[in-house]
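Work through the following exercises with the coordinates open. Each task is followed by a solution in steps.

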Amino acid sequence: VRFAADGEELAWSIEFARQNSPDGTYVVEEFIRGTEVTVEGLVRRGEAIVLACSDKVHQRHPRFLVAMSLHYPAALTEDQQEDLETLVRGAVRALGAYDGAFHAECIVNEDGAHLVEIHARGGGGHIFGRIIEAVSGVAAPLAAVRLIAGQDADVTATGSRGACYRFFAPPPGRFVRAEGIEKARHIDGVLDFGFELKPGAVVGAIAGDADRPGFVVTTGASREEAMSVADRAIAAIRFEMEPL
């Protein structure tokens, strides 16, 4: 996703999208200012059951809108949450989903909730397999398989805990090595931790999701506790870098 503030930036963004598209197609959309949120859940006989919502923080960059941290539950007012869920349930009905899972991304601002995209599938990365269960207590993959197979499934949330899905990268420069990975993995509250970057790789702005070399998935009694665990895990890593 690229942000274009004017005509010149739009031309650059279109060319960038075209170069990274397998068949040369791309989508230009209106930019809506606000808080980007994700909505995760299951569909049972056409009814959408919302199980987890996050708000996103992006890297600070004028062009590359890459998400670097997702926080559960989303920091929304009751009215915003209700408006968001009403929008997503309507989108699921419009999509024609009947049994299975859904993943939606929206923008919430002073005008309400705005749908950006929705899919009849689970969220990517660790969201579907780990985070939904950490937040709601519902094992989403198992429930989705039962629903798709025509069986009944208990999709009732047993609680509302916090979670954090944080991505990270070394500081700018040429990467040499990283220490402390095992220590980070064993911090209480860390569900998963990964980092992969080859020595000699040049680190700069992150152009796309696949360029994020590190991640940590955490859980806690609240979103603040889960975010604190993520902070401690990343702080345990020591990067050795060479200047460019």
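**Exercise 1. The pairing of β4 and β5**

Determine how β4 and β5 pair and what joins them.

Solution. The model is a predicted one. Step 1: count the bridges between β4 and β5; there are seven, and the pairing is antiparallel. Step 2: pick a facing pair. Asn 109 is found opposite Gly 112 of β5. Step 3: trace the chain from β4 to β5. The connection is a hairpin, made through two residues.

**Exercise 2. The sheet**

Establish the strand order of the eight-stranded sheet and identify its edge strands.

Solution. Step 1: follow the pairing from strand to strand. The order is β5-β4-β1-β2-β3-β6-β10-β8, the sheet is open, and the strands pair in the antiparallel sense. Step 2: look for strands that pair on one side only. These are β5 (112-119) and β8 (190-195), the edge strands. Step 3: average the twist between one strand and the next, which gives 20°. Step 4: inspect one internal pair. Eight bridges hold β1 (residues 35-44) against β2 in the antiparallel sense, and Glu 40 faces Ala 52 of β2.

**Exercise 3. Helices against the sheet**

Find which strands α2 and α4 meet, and at what angles.

Solution. Step 1: α2 (residues 78-95) packs on the sheet and touches β1, β2, β4 (100-109) and β5. The direction of α2 makes about 35° with that of β5. Step 2: α4 lies across β1 and β4, and its angle to β1 is about 45°.

**Exercise 4. The α3/α4 pair**

Classify the arrangement of α3 and α4, then describe the surroundings of Ala 144.

Solution. Step 1: the axes of α3 (residues 127-136) and α4 approach within 8 Å, crossing at roughly 110°. Step 2: angles of 65 to 115 degrees count as roughly perpendicular, so α3 and α4 are roughly perpendicular to each other. Step 3: list the residues that meet. From α3 they are Phe 128, Gly 129 and Ile 132; from α4 they are Ala 140, Pro 141 and Ala 144. Step 4: place Ala 144, which belongs to α4 (residues 140-148). Its relative accessibility is 5%, so Ala 144 counts as buried, the cut-off being under 20%. Step 5: leave aside neighbours within four places in sequence; Ala 144 then has contacts with Leu 42, Gly 100 and Phe 128. Step 6: for a long-range distance, take Asp 188. The C-alpha atoms of Ala 144 and Asp 188 are 29 Å apart, with the two positions 44 residues apart in sequence numbering.

**Exercise 5. Two polar residues in β2**

Are Ser 54 and Asp 55 buried or exposed? Find the polar contact that each side chain makes.

Solution. Step 1: Ser 54 is in strand β2, and so is Asp 55, with β2 spanning residues 47-58. Step 2: Ser 54 has a relative accessible area of 0% and is therefore buried. Asp 55, at 6% relative accessibility, also counts as buried. Step 3: the side chain of Ser 54 makes a polar contact of 2.6 Å with that of Thr 38. The side chain of Asp 55 makes one of 2.7 Å with the side chain of Arg 223. Step 4: compile the contacts, not counting residues up to four places away in sequence. Ser 54 touches, among others, Glu 36, Leu 70 and Tyr 72. The residues touched by Asp 55 include Thr 35, Ser 69, Pro 73 and Ala 75. Step 5: recall that side chains alternate between the two faces of the sheet in a regular strand.

**Exercise 6. Cysteines**

How many disulfides does the structure contain?

Solution. Step 1: a search of the whole structure finds zero. Step 2: check Cys 53. The nearest cysteine sulfur belongs to Cys 106 and is 8.6 Å away, whereas a disulfide needs sulfur atoms within 2.5 Å. Step 3: check Cys 164, whose nearest cysteine sulfur is that of Cys 53, at 16 Å. Step 4: assess burial. Cys 53 is buried, at a relative accessible area of 7%, and Cys 164 is buried at 0%.

**Exercise 7. The partners of β7**

Which strands pair with β7 (residues 173-179)?

Solution. Step 1: β9 (residues 202-203) pairs with β7 over two bridges, in the antiparallel sense. Gly 173 has Val 203 of β9 as its bridge partner. Step 2: β11 (residues 238-242) is joined to β7 by five bridges, also antiparallel. Phe 175 has Met 241 of β11 as its bridge partner.

Note on methods: Residues numbered from 1 in each chain as written. Predicted model: local features only at pLDDT ≥ 70, side-chain atom pairs only at ≥ 80, totals over all residues. Heavy atoms only, no water. Helix = DSSP H or I, 4+ residues; strand = E, 2+ residues; numbered from the N terminus. Buried < 20%, exposed > 50% of the residue type's maximum accessible area, 1.4 Å probe, protein only. Contact = heavy atoms within 4.5 Å. Polar contact = N/O pair within 3.5 Å; in protein donor to acceptor, adjacent residues only side chain to side chain. Pairing = 2+ DSSP bridges. Axes fitted to C-alpha atoms, helices over the stretch in contact; angles between N-to-C directions. Parallel < 35°, antiparallel > 145°, perpendicular 65-115°, else oblique.
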